[in-house]
Structure formats: structure tokens, C-alpha cells
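Please examine the sequence and the structure shown below before attempting the exercises. Each task is followed by a solution in steps.

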Amino acid sequence: MFDEQPDGDPHGECAAEIQRLTGEAAVMRELLRRCNAVLLTIEPESAAEHESIGELSDAVERAIGDAKGTLL
């Protein structure tokens, strides 16, 4: 149970939870970057596959970019 008021500065258990979540979010962003790097090593067998890989890579990059400044 968190004891923070909406208008108060985070402290105690809320500050610890924010720190924990921020760390987890950084780990998740790094995992997304690594997955995208692996994705980009795939040699597409067709133009359609090339396009699909590009679209997926773009989506991953957008997710990472959109997450800057947030917990993810």
C-alpha cells in the first residue's frame, strides 16, 4: 500500500517503487534495442519479407522513442 498523496513529493515506498520501475523500463528499452539489432540481421527472402522486417523494425524504434521520458 502506498501512502503518497497526489500533490506530495514521492518518498518512502513510492520513491522506491518509482526507482524500481524506472530501472526495469531501462532494461526493457535495452532489450528492445537488442531485439531490433537481431531483426536487422535477417536476410529477407523476398521483397515482401524485406518490407515486413522494415515495418517491424520501424515499429520497435517508434516504441523506444515514444517511451523516452516515461517509465517505458
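The exercises that follow concern a predicted model.

**Exercise 1. A salt bridge between E24 and R20**

Task: Determine how far apart the side chains of E24 and R20 are in their salt bridge, and where the two residues lie relative to each other in helix α1.

Solution:
1. A salt bridge requires a side-chain nitrogen of Lys or Arg within 4 Å of a carboxyl oxygen of Asp or Glu.
2. For E24 and R20, the N to O distance is 2.4 Å, so the pair satisfies this cut-off of 4 Å.
3. E24 and R20 are four residues apart in helix α1, and therefore about one helical turn separates them.
4. E24 has a relative accessibility of 39% and is partly exposed; R20, also at 39%, is partly exposed as well.
5. The pair does not stand alone: a network of salt bridges links E17, R20 and E24.

**Exercise 2. The partners of E30**

Task: Establish which residues E30 meets in the salt bridges with distances of 3.8 Å and 3.3 Å.

Solution:
1. The structure contains four salt bridges.
2. In one of them, E30 is joined to R33, with 3.8 Å between the closest N and O atoms. E30 and R33 are three residues apart in helix α1, which places them about one helical turn from each other.
3. In another, the side chain of E30 meets that of R34 at 3.3 Å, N to O. Here the spacing in helix α1 is four residues, again about one helical turn.
4. The accessibility of each residue can now be added. E30 is partly exposed at 34%, and R33 is partly exposed at 36%. R34, at 54%, is exposed, because the class "exposed" begins over 50%.

**Exercise 3. Two patches on the surface**

Task: Identify which residues form the nonpolar patch and which gather in the patch of negative charge.

Solution:
1. The nonpolar patch consists of V27, M28 and L31, whose accessible area together is about 260 Å².
2. Of these residues, V27 may serve as an example: V27 belongs to helix α1, which covers residues 12-39. V27 has a relative accessible area of 48% and is partly exposed.
3. The patch of negative charge is made up of E51, E55, D58 and E61.
4. D58 may serve as the example here: D58 is located in helix α2, residues 47-67. With 46% relative accessibility, D58 is partly exposed.

**Exercise 4. N36 and its contact**

Task: Is N36 buried or exposed, and with which side chain does the side chain of N36 make a polar contact?

Solution:
1. N36 is part of helix α1.
2. The relative accessibility of N36 is 2%. Buried means under 20%, so N36 belongs to this class.
3. The side chain of N36 makes a polar contact of 2.7 Å with the side chain of E61.
4. E61 has already appeared in Exercise 3, as a member of the negative patch on the surface.

**Exercise 5. L32 and S57**

Task: State what distance separates the C-alpha atoms of L32 and S57, and classify the accessibility of L32.

Solution:
1. L32 is found in helix α1.
2. Along the chain, L32 and S57 are 25 residues apart, while 9.9 Å separates their C-alpha atoms.
3. L32 has a relative accessibility of 28%. Partly exposed residues fall between the limits of 20% and 50%, and therefore L32 is partly exposed.

Definitions and conventions
Residues are numbered from 1 along each chain as its sequence is written. This is a predicted model: local features need pLDDT of at least 70, side-chain atom pairs count only at pLDDT 80 or more; totals for chains, interfaces and linings use all residues. Side-chain values use heavy atoms; hydrogens and water are left out. Patches are made of residues with over 30% relative accessible area and no salt bridge: like charges are joined within 9 Å, nonpolar side chains (Val, Leu, Ile, Met, Phe, Trp, Tyr) within 5 Å. Accessible areas come from the Shrake-Rupley method with a 1.4 Å probe; for residues, only the protein chains shown count as cover. Buried means under 20% relative accessible area, exposed over 50%, partly exposed in between (1.4 Å probe, protein chains only). Lys and Arg count as positive and Asp and Glu as negative; His and the chain ends are not counted. The place of a charge is taken as NZ of Lys, CZ of Arg, CG of Asp or CD of Glu. A polar contact is a pair of N or O atoms within 3.5 Å; within protein, one must be able to donate a hydrogen and the other to accept it, and residues adjacent in sequence count only if both atoms are side-chain atoms.
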